[in-house]
Amino acid sequence: MSFVDTLRLWDEAVTFADRQDFSEALRIFLSIQQPNSKIYFSIGCLHLLNQDFDAAEKAFDCSIRKDEHLAVAFFQRGITFYKKQRYEESLGDFHRAFKALRGNQLIDYKALGLRYILYASEVLHNKALLEAQLGNWEKAQENLVKALDYKIEAKLNIIDKALQSTLKQKLFKLVEFPSKVLFKPNKHYVAELEKKDYLGKAKVVASVIPQDEFSGFAPLQPQVEDGPICPREPEVLRALEGEPHTVLFEFVPETSDELAVVPGNVVFVLQKDSDNWASVVFNERRGLVPYNYLEPLEISVASRQNTGRTPPPSREPPTRPQRKQGLTPSENSCANTQQKEPQSDNLCTVKVHFTFSFSVSVPHGSTYAVLIEKISKKIKLPPTAITLSLTSEPSEQSEISANTEMEHVWSRASGGRITLWCKAQEETDGKQKTIQLVALHSYESSNPEDLNFSQGDTITLLSRVNQDWLEGQCNENTGIFPASFVEEVPVNEE
């Protein structure tokens, strides 16, 4: 039986005893499987009240076994033995009760849940009665004289009367324990038996639409409860990037650059592609979602006058649109931007690794002059100060110049994309001043634009995004990473 169940039954039994229903109180006490010394003491008192001395003796025996320093239990068992006319055993228990007092005048059991004070003078009084019962009148008188040293004002009367009786060799009355007084459980523990709801009831605290049933988590969209009919549009909504859309159907991603959404989610469309795929933001994550799974959502002040929200349609979701092979959300966005330019359809995306990474669009098969002019405008350096290369380390075979056959260069393009490396003239003419970093901690991220590395890896710094993030290259991979994860290693100049 658990402590809580024991505490509940103990409190219930004491309640019945307070109502004078001692039989029901005893029944509940006896149903407790593993009683403590206080409960055994209460059971003994109820048996003693019913004049069942044998059962009372067993209960007080169990109470003493549980707590051998419980003086009041010895006192009660001594009274039980006296009523069974086992005077020598009774005398022994009163002696043990006096010894458990340890020289104190009294013990107040109120702190333990029993409204009773056991006085040393009363214990010696009962010892004297037992000595007199056994015919030892001198020892009886000695105990009473000793009781005078422990007496208090209120107990002076009974000691004086007992002394007068011993002088006449007459027996006197036994001091008894009030059997209706029982040990009670700690009231603070009993108060904790009531169940409390610490969590409370959940409610919507932030949503794009008033009275929303809330089916997901969207970026910072506060909503004031019981606000005005036409509230002012929150500033945070104006700052959100992209157009808000509601998800109509559940979408399960099949590739790492796709995003999982469920009906009712609010996503922000950054770019819509011609192949019916949209680059969206949801829960601060970017990914691709079929655009025919979405529905535009108005979040202007005028739309907030609507009293409710139209539930998602129950029709079957449309078929999954075909993806253009190899496009990521960022590249997909770039490709769509190119389509808006009034150029020919034969455009090629050139990704350039400089001190930072960027991309430009030129017609496939363009001359060296067209390509170098496009790149020089991007990095704001003259064409003569720029060296292009097909590899990260320039060589005679990989370097691109005005004499290079551009057909060989464009033959390396795949899927309308090609990657080149660019270096400024001051870097290629002299010694290359490269900043090397060493990883203090391992960094792993699921974002495709991040650079993953392990502790101790060497990273080449490409650019500083801001004071907290850097762009670098490690193990032939390029991406951004936190600046606090690395430290700079000075390069030894020859």
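Here is a quick tour of this predicted model, from the whole chain down to a few spots picked out along it.

**The big picture**

The protein has 494 residues, and 40% of them count as buried. Its secondary structure comes to 15 helices and 17 strands. If you look at contacts between residues at least 6 apart in sequence, 56% join residues at least 24 apart. On the outside, about 29,400 Å² is exposed, with carbon and sulfur atoms supplying 49% of that area.

**Three residues side by side**

| Residue | Where it sits | Relative accessible area |
|---|---|---|
| Val4 | helix α1 (residues 3-18) | 40%, partly exposed |
| Phe354 | loop between β8 (347-353) and β9 (357-363) | 13%, buried |
| Pro383 | loop between α13 (368-379) and β10 (386-389) | 38%, partly exposed |

**Phe354, a buried loop residue**

Let's begin with Phe354, which sits in the loop between β8 and β9. Buried means under 20% relative accessible area, so Phe354, at 13%, makes the cut. What does Phe354 touch, leaving aside residues up to four places away in sequence? Its partners are Ile379, Leu381, Cys422, Lys423, Ala424 and Leu462. Take Cys422 from that list: it is 68 residues from Phe354 in sequence, yet the two C-alpha atoms are 5.1 Å apart in space.

**Pro383, a partly exposed one**

Pro383 is also a loop residue, this time between α13 and β10. With a relative accessibility of 38%, Pro383 falls between the 20% and 50% cut-offs, so it counts as partly exposed. Setting aside residues up to four places away in sequence, Pro383 touches Ile372 and Ser376. Leu371 lies 12 residues from Pro383 along the chain, and their C-alpha atoms are separated by 9.8 Å.

**A nonpolar patch on the surface**

Val4 belongs to helix α1 and is partly exposed at 40%. Together with Phe3 and Tyr189, Val4 forms a nonpolar patch on the surface, and the three share about 320 Å² of accessible area.

**Helix α4 and its cover**

How far apart are the end C-alpha atoms of helix α4 (residues 53-66)? They are 20 Å apart, which agrees with the 20 Å that its 14 residues should span at 1.5 Å a residue. Several α4 residues are buried, among them Phe53, Phe60, Cys62 and Ile64, along with Glu57 and Ser63. Alanines are on that buried list too: Ala55, Ala56 and Ala59. The cover over the buried residues of α4 includes helices α3 (37-49) and α5 (71-83).

Terms used:
Residues numbered from 1 in each chain as written. Predicted model: local features only at pLDDT ≥ 70, side-chain atom pairs only at ≥ 80, totals over all residues. Heavy atoms only, no water. Helix = DSSP H or I, 4+ residues; strand = E, 2+ residues; numbered from the N terminus. Buried < 20%, exposed > 50% of the residue type's maximum accessible area, 1.4 Å probe, protein only. Contact = heavy atoms within 4.5 Å. Areas by Shrake-Rupley, 256 points an atom, 1.4 Å probe, with all protein chains shown as cover. Patch = residues over 30% accessible without salt bridge, like charges linked within 9 Å, V, L, I, M, F, W, Y side chains within 5 Å. Salt bridge = Lys/Arg side-chain N within 4 Å of Asp/Glu carboxyl O. Expected span 1.5 Å × (residues − 1).
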